[in-house]
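These are comments on the model, set out as numbered points. They cover the domains, the internal spaces, a few residues and the unusual backbone geometry.

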Amino acid sequence: MSARYFGAAVTRLEDARLLAGKGQYVDDIELPGMLHAAFVRASFAHGRIRSIDTSDALAMPGVAAIYTMADFEDIAHGPMPPMAPHPLLKTPITYHPLANTEVRHVGEAIAIVLADSRAKAEDAAAAVVLDIEYLPAVSDATLACDANSPRAHSQHTSNIAATMKAGFGDTAAVFAKADHVLTEHFDIHRGGCHSMECRGVVAHIDLLTGALTISTSSQSPYMVRRHLAGYLKRDENDIRVMTPDVGGGFGPKANVYAEEFAVALAVIKCRRPVKWIEDRQEHFVATTQQRGQTWTLDVAFDNDGRMHAIRGRCIHDNGAYAPYGLILPATALASFPGPYALEALDLSLDVVLTNLVPTSPVRGACRPNVAFLLERLADRIARHLGIDRQEVRRRSFVRADQMPYSTGMKARDGSPISYDSGDYVGALNLVLDEIDAANFPARRNEAKQRGKLRGLGIASCVEDTGLGPFEGASVRVTPAGKVVIASGASSQGQGHRTAFAQIAADVLGVELEDVTIETADTAKFPLGISTIASRIAVTAGSSVQLAAHKVRAKAIAFASHQLEVDEHDLELAGGAVHVKGIPDMKIKLSEIARTLSGNTGMPMPGDMEPDLAATAYFNSNALTFAYGANACEVEVDPDTGDIRVVRYVVVHDCGRMINPMIVDGQIRGGVVHGIGNALFERMIHDEEGQPLTTTYGDYLLPMASEMPRIEIHHMETPSPRNPIGVKGAGEGGTIPAAACVISAVEDALGPNGPFIALHPISPQQVVTWLDRN
């Protein structure tokens, strides 16, 4: 039967409940006898803990307990296990659940206070007396590389935690024969995450069995369970981790955090439920951040703008710890060569520790950084040669007839990376047509008459999606004829319930309203990885498809046996198995499910296994590569430096779209995120590691009033690497956006303006640049 739902712009099934205010978030959980937690946090960036005096705080009304790391020694000790071990990190650089001897950034948790209200817990936290010896801090990653700089960890001999390398080809030979070589320095400033919902944890213990249940606002409930079980030396079955509705994650909520461990340990000690909800001030100093990198790159190219090779070095600010291993810097290297068919690449990256909040993936996970580098280099080449920017790209891109294209890079397991499908030049041509680039000069002149400087920017990107190893799904038809899908894939607003239901409904011939989704509960599905890296449509979506087909096959086999009809003469529609051409000759799925549920003393029909259900795990053994091209127009006020994005056009290819409406929502949100990176978001610290941007009065985010209408156009090049032909779409809006906006600003400032090699940029910088013209 032909698809009814896959590919349709179905209204999200999640929305009616959420828009009516019926969502269930961590902070909505209330349990009898629950205590509220507040953390005592470090107020300066580096220091040695001498003593912690909790006596006055413990005497305050409503305070039930105060724990330091020493109080947990009888149940657990030592640093947390690394979430993603890496062979270059011989010793994990992870937090203790509570700092034990040394604090290494402002905001690090030192003690946890439990009281009968959050307000009382906060008051008591402020009354805890800390004696901490000041130690020199380092907040600049470049300065931290100097052998004489302060150590972010006093016991370390160097702030360089690891040096990573990547590349292919004979770089020296390619540079030696190049017509031109340019060198550029890039500075991509650190920023935060700022999802609508901050982090939060609620935990309680079964007093009879000792089983621990944790609800957490996380992208990785199974990782929380795995690492906490290992830390506590418990079986994973003794720990249940759930994620209720999550108000945005964007990468930082994929981490396993010290607060999750500290709350769990506190529950084990006090034997009462505990809730901790991060406030926004804590978010600025305790939730992981991203983007901080400086690069020096050489690019070799010929007289017609064809890019041949890149070499260079990166200093990557990893902050004070590496809870996520080296995934973030490794992703930076793995994102080369983007859409460009380079002959050679030679990169070195120093992972540097500083006394700042650790960095981990934020929407795009350094892919936006690399897109910025590559797209800025393409514009720089065009500027140097005096040719159109799009021509540099057309002459340098991987061509559609080269697909599948081996990039020369290696995946984490050492296997060659190859792009599966796509037409990068076609996407660029389409976006230029849709923004009407041919008539842009007229729009520039019209803006000039109004006293504005108008610029056109372009940027392209490639995104590796469908990261392995797997996600799984079970599909079960109940005796009531309803379809229940369970999966470990958590959601933070992506629309998983709708997409999974669309896939299963088509396979089983049922209506969307007959499908129920259960996700992100370790008690309901045994295994899961994490909702990161635009991987769920590929991994979990394919698993739903495979499991649903197993159920379909079983239903058809049952009906074939009962109706005495060949399986090829049967089809599923309307919640039943029909004989083709004889619609009234059918068996309902509910009847099959009831029979396969078993009756006392009755044999199973045809010796079939019980239950109309199946489980599948799609092993994602090769990445799928989404791609896109963006174009935007900005207007700059030369008197104030104010920058307005007035048009934004996206062309995107994520393979077959399960639901175009969901894809569009992901892209729009991603573009807004990228515009924020380009123009607004800057996490500033002083030389001693003190954050200077800790409220939204200092740290700027894009608002609706500053956003243009975002026009989206799709190409659909199915991936041959999974059964539903999809590629991820969660980060493609963000990856090229900063590069696109900065390209447009540079174009607006004109040929005498600077080459812009940093972001975010400010109105003050724009005015300074214009004054120099």
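1. Unusual backbone, Asp 607. The model is predicted. Asp 607 sits in the loop between helix 16 (589-596) and strand 25 (613-619). Its phi is positive, about 55°, although Asp 607 is not a glycine. The relative accessible area of Asp 607 is 74%, so the residue counts as exposed.

2. Unusual backbone, Arg 271. A positive phi of about 65° is found at Arg 271, again not a glycine. The residue belongs to the loop between helix 7 (258-270) and strand 12 (274-277). With a relative accessible area of 39%, Arg 271 is partly exposed. For context, most residues other than glycine have a negative phi, and most peptide bonds are trans.

3. Cis peptide bonds. The bond from Met 403 to Pro 404 is cis, with omega near -10°. Pro 404 is in the loop between helix 11 and strand 16 (405-410). Gly 468 and Pro 469 are also joined by a cis peptide bond, where omega is about 5°. Pro 469 is in the loop between strand 18 and strand 19 (470-477).

4. Domains. The protein is divided into domain 1 (15-22 + 468-616), domain 2 (31-135 + 196-248 + 252-286) and domain 3 (293-466 + 623-772). The contact between domain 2 and domain 3 takes 26 residues from domain 2 and 27 residues from domain 3. The C-alpha centres of these two domains lie 36 Å apart.

5. Cavities overall. How many cavities of 30 Å³ or more does a search of the whole structure find? The search returns seven. The largest has a volume of about 60 Å³, and the second largest a volume of about 50 Å³.

6. Largest cavity. The lining consists of Arg 41, Tyr 95, His 105, Gly 107, Glu 108, Ala 109, Tyr 257, Ala 258, Glu 259 and Ala 286. By class, this lining has five nonpolar, two polar and three charged residues.

7. Second largest cavity. Here the lining is His 105, Val 106, Phe 284, Val 285, Gln 289, Asn 355, Leu 356, Val 357, Met 683, His 685, Gly 689 and Pro 691. Seven of these residues are nonpolar and five are polar, with no charged residues. Domain 2 and domain 3 each give at least three residues to the lining of this cavity. His 105 is named in the lining of the largest cavity and in that of the second largest.

8. Second largest pocket. About 540 Å³ of space lies in this pocket. It is lined by 21 residues, and those nearest its centre are Ile 387, Asp 388, Arg 389, Arg 444 and Asp 747. The elements that give two or more residues to the lining are helix 10 (367-385), helix 11 (389-396), helix 13 (440-449), strand 18 (453-465) and helix 18 (737-749). Helix 10 supplies the largest share, four residues. The lining divides into nine nonpolar, four polar and eight charged residues.

9. Helix 3. The buried residues of helix 3 (residues 118-127) are Ala 121, Ala 124 and Ala 125. Viewed down the helix axis, these residues fall within an arc of 105°, so they line one face of the helix. They pack against strand 1 (35-41), helix 2 (55-58), strand 3 (63-68) and strand 5 (109-115).

10. Ala 152. Is Ala 152 buried or exposed? Ala 152 counts as buried because its relative accessibility is 0%. The residue lies in the loop between helix 4 (141-144) and strand 7 (160-168). Apart from neighbours within four places in sequence, Ala 152 is in contact with His 46, Glu 102, Arg 104, Val 138, Asn 159, Leu 353, Thr 354 and Asn 355. Asn 355 is also one of the residues that line the second largest cavity. Ile 93 is 59 residues from Ala 152 along the chain, and their C-alpha atoms are separated by 11 Å.

11. Met 715. This residue lies in strand 28 (residues 710-715). Its relative accessibility is 17%, and the cut-off for buried is under 20%, so Met 715 counts as buried. Leaving aside neighbours within four places in sequence, its contacts include Asp 423, Leu 430, Tyr 627, Val 651, Cys 654 and Gly 655. Gly 655 is 60 residues away in sequence, with a C-alpha to C-alpha distance of 7.6 Å from Met 715.

Key
Residues are numbered from 1 along each chain as its sequence is written. This is a predicted model: local features need pLDDT of at least 70, side-chain atom pairs count only at pLDDT 80 or more; totals for chains, interfaces and linings use all residues. Side-chain values use heavy atoms; hydrogens and water are left out. On a 1 Å grid over the protein atoms alone, a cavity is a set of points where a 1.4 Å probe fits but cannot get out, and a pocket is an open set with protein on both sides within 12 Å along at least five of seven lines; lining residues have an atom within 4 Å of a point. Grid points are joined across faces, edges and corners, and a volume is the space filled by probe spheres set on the points. Ala, Val, Leu, Ile, Met, Phe, Trp, Tyr, Cys and Pro count as nonpolar, Asp, Glu, Lys and Arg as charged, and the others, Gly among them, as polar. Domain bounds come from an automatic or database domain assignment. Buried means under 20% relative accessible area, exposed over 50%, partly exposed in between (1.4 Å probe, protein chains only). The arc is that of the directions from the helix axis to the C-beta atoms. Contact means heavy atoms within 4.5 Å.
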